[in-house]
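The following paragraphs offer a guided reading of a protein model for a reader who has not met it before. Please keep the sequence and the structure in view while reading.

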Amino acid sequence: MKSKGIKNLLIDLGGVLINLDRQRCIENFQKLGLRNVEELLDISNQDGILMQQEKGLITPAEFRNGVREMIGKVVSDKQIDAAWNSFLVDIPTHKLDLLLKLREKYVVYLLSNTNEIHWKWTCKNLFPYRTFKVEDYFEKTYLSFEMKMAKPEPEIFKAILDDAGIEPEETLFIDDSEINCKAAQNLGISTYTAKAGEDWSHLFNSK
């Protein structure tokens, strides 16, 4: 790969590791009576309930209450969480194997725009594999809801470079968003834009 001198990997979660099913999530929210699901899932709306949750500006309880208000009737936390987590499908085991293998050669970090509800469910249901748990795959996890900032803001990349003590030119960022990759490139970080569900292990196949 073009990774001469690459020592660190910054890897995205949704779309890069986790297979997503937006349509299933939409349908499950519609079954609960939510009409404007697109508004809920609009990540481009910086003031919307989704982005507020991803940036940790509102709590899971406030998110659920916001969804209930949008639905306009009594719906349980459990029902909301089930619909919300139906967005997340699985992490193929070959990707978990790859992460473990990459750790032998690189310092591997996770960088994700995510929220507490999704993260807890992912740690419980998607990362456990053989004897491994989430902390076995990464040196450190950088999560938007904990950092109170999100990709593609330059600040989140700067904060990670600073916190991890790593150099941008020694770092490869793998994400499924061209906008996020562009923001990283502007700081001198190498990037690869992965397609949804792509097996990107070819990046590390030695010639």
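In this predicted model, a useful starting point is Lys55, which touches Gln46, Ser144, Phe145, Lys148, Met149, Ala150 and Glu153 when residues up to four places away in sequence are not counted. Lys55 lies in the loop between α3 (49-54) and α4. Its relative accessible area is 13%, and because buried means under 20%, Lys55 counts as buried.

From this lysine the account turns to the nonpolar cores. The largest nonpolar core has 33 residues, and among them Ile174 and Trp200 touch the most other members. At least two residues of this core come from each of β1 (8-11), α6, β4, α8 (134-137) and β6 (171-175). The greatest contribution is that of α6, which gives 5 residues. Trp200 deserves a closer look: leaving aside neighbours within four places in sequence, Trp200 is in contact with Ile11, Val16, Leu17, Lys95, Leu98, Leu102, Ile174, Tyr192 and Ala194. A second core, separate from the largest one, contains 20 residues, including Ile49, Ile58, Phe87 and Ile117.

The aromatic rings provide another route through the model. Across the whole structure, a search finds 12 aromatic pairs. One of the pairs is formed by Phe63 and Trp84, whose ring centres are 5.3 Å apart; their planes stand at 40 degrees, so the pair is tilted. This pair links distant parts of the chain, with Phe63 in helix α4 (residues 60-71) and Trp84 in helix α5 (residues 77-85), 21 residues apart. Both partners are withdrawn from the surface: Phe63 is buried, with a relative accessible area of 0%, and Trp84 is buried at 1% relative accessibility.

Another pair joins Tyr106 and Phe204. Their ring centres are 5.6 Å apart and their planes are at 65 degrees, so this pair is edge-to-face. Here, too, distant parts of the chain are linked, for Tyr106 belongs to the loop between α6 (93-102) and β4 (107-112), while Phe204 belongs to the segment after β7 (190-193), 98 residues apart. Tyr106 counts as buried at 9% relative accessibility, and Phe204 counts as buried at 18%.

Aromatic residues also gather in a group: Trp119, Phe127, Phe132, Tyr137 and Phe138 form one aromatic cluster.

How values were computed: Residues are numbered from 1 along each chain as its sequence is written. This is a predicted model: local features need pLDDT of at least 70, side-chain atom pairs count only at pLDDT 80 or more; totals for chains, interfaces and linings use all residues. Side-chain values use heavy atoms; hydrogens and water are left out. Rings of Phe, Tyr and Trp (its six-membered ring) pair if their centres lie within 6.5 Å; planes under 30 degrees apart count as stacked, over 60 as edge-to-face and the rest as tilted. Helices (H or I, at least four residues) and strands (E, at least two) are DSSP runs, numbered from the N terminus. Buried means under 20% relative accessible area, exposed over 50%, partly exposed in between (1.4 Å probe, protein chains only). Contact means heavy atoms within 4.5 Å. A nonpolar core is a set of buried Ala, Val, Leu, Ile, Met, Phe, Trp, Tyr and Cys residues joined through side-chain atoms within 4.5 Å.
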